[in-house]
Amino acid sequence: MSSPRWLPLEANPEVMTKFVNSLGMKLSWQFGDVYGLDPVLLGMVPRPVCAVLLLFPITEKYETFKQEEEERLRSQGHEVSPDVYFMRQTIGNACGTIGIIHAVANNLAHLEFEPDSAMKKFVELTCKMNPQERGAVLEKDESIRVMHESSAQEGQTEAPGLDEKVNLHFIAFVNVGGQLYELDGRKPFPILHGKTSEDTLLEDASEVCKTFMARDPQEVRFTIIALSKDS
């Protein structure tokens, strides 16, 4: 049986903020563009930042790296805190929503929700499940799917069709217990990138983003979005 497919979400902070708000997250935190990775441009991003999303192209170089990374981590062992909320992507084109869920679910202590928030209900329902089970529950979550479809059609560019091949992918970077984790629903487990803090999350995640860009220097299709406290 083929896996379900959704329309891809545009890397548009306004659309993303409206999406999480429609799922019951209060607007005390909002998504915003990161216009560049040098210190001056990073300094323009409102603080604090509790999550960073990266949209990047899936290229042959990246796929080779991803395979080698997985084999290396499986062979040498890879410690992940049990406090990290991570889910597998089982729905085509749902990486934007999964990136947002990763950003939200690992920051429940910071974010505020309406009492009937569909997003918070999803995270609470799945918090004891394994990553694959969480992906399966998302497939059946009508409230999130409907809001995703509505948001996917709200972007500034026309949404591609359900069957069009989209080779851009969203991942999230979060701070859990003072460690920087990369959360990618296409990977079997979270990737640990070393120490971080609430104050340095944006800079630390940016260093990892630079390695994605350096791997494909001819590519320009990178977008970075931060989830920041609304000032």
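What follows is a chat about the cysteines, nonpolar cores and aromatic rings of a predicted model.

Reader: Hi! Let's start with the cysteines. How many disulfides does a search of the whole structure find?

Author: Zero, and that search took in the whole structure.

Reader: Okay, why is there no bond between C95 and C209?

Author: Their sulfurs are too far apart: C209 holds the closest cysteine sulfur to that of C95, and the gap is 15 Å. A disulfide needs the two sulfurs within 2.5 Å, so this pair does not qualify.

Reader: And is C95 buried or exposed? What about C209, buried or exposed?

Author: C95 is buried, at 9% relative accessible area. C209 is buried too, with a value of 0%.

Reader: Good to know before I think about the inside. How many residues are in the largest nonpolar core?

Author: That core has 46 residues. I100, F122, L138 and L227 are the ones with the most contacts inside it.

Reader: Which helix gives the largest share of this core?

Author: Helix α4, residues 95-105, which supplies seven residues.

Reader: You mentioned F122. What is F122 in contact with, leaving aside its neighbours within four places in sequence?

Author: The list is Y85, M87, I101, R134, V137, L138, D141 and I144. L138 also appears among the core residues with the most contacts.

Reader: R134 and Y85 are both on that list. Where does R134 lie relative to Y85?

Author: R134 is over the face of Y85, 4.0 Å from the ring centre.

Reader: Nice. I144 was on the F122 list as well, so let's go to helix α7. Which residues of α7 are buried?

Author: In α7, which spans residues 142-152, the buried ones are I144, H148, E149, S151 and A152. They sit on the same side of α7, because the arc they cover around the axis is only 165°.

Reader: And what covers the buried residues of α7?

Author: The cover includes α1 (13-22), α4, α5 (118-126) and α6 (131-139).

Reader: Changing topic: how many aromatic pairs does the structure hold?

Author: Four. In one of them, F56 and F212 are edge-to-face, because their planes stand at 65°, with the ring centres 4.9 Å apart.

Reader: Where in the chain are F56 and F212?

Author: F56 is in strand β2 (residues 49-57) and F212 is in helix α8 (residues 201-215). They are 156 residues apart, so to speak of the sequence, and the pair links distant parts of the chain.

Reader: Are those two rings buried or exposed?

Author: Both are buried: F56 has a relative accessible area of 1%, and F212 has 4%.

Reader: What other pair can you tell me about, say with Y62?

Author: Y62 pairs with F65 in a tilted arrangement, 6.3 Å centre to centre with 45° between the planes. Both residues belong to helix α3 (residues 60-76), three residues apart, or about one turn of the helix. Y62 is buried at 1% relative accessible area, while F65 is partly exposed at 23%.

Reader: Which residues do ring pairs link into a cluster?

Author: F56, Y62, F65 and F212.

Reader: Last one! What sits over the ring of F212?

Author: The charged end of R215, at 5.0 Å from the centre of that ring.

How values were computed: Residues numbered from 1 in each chain as written. Predicted model: local features only at pLDDT ≥ 70, side-chain atom pairs only at ≥ 80, totals over all residues. Heavy atoms only, no water. Buried < 20%, exposed > 50% of the residue type's maximum accessible area, 1.4 Å probe, protein only. Core = buried A, V, L, I, M, F, W, Y, C linked by side-chain atoms within 4.5 Å. Helix = DSSP H or I, 4+ residues; strand = E, 2+ residues; numbered from the N terminus. Contact = heavy atoms within 4.5 Å. Arc of directions from axis to C-beta. Phe/Tyr/Trp six-rings, centres within 6.5 Å; stacked < 30°, edge-to-face > 60°. Lys NZ or Arg CZ within 6 Å of the ring centre and 35° of its normal.
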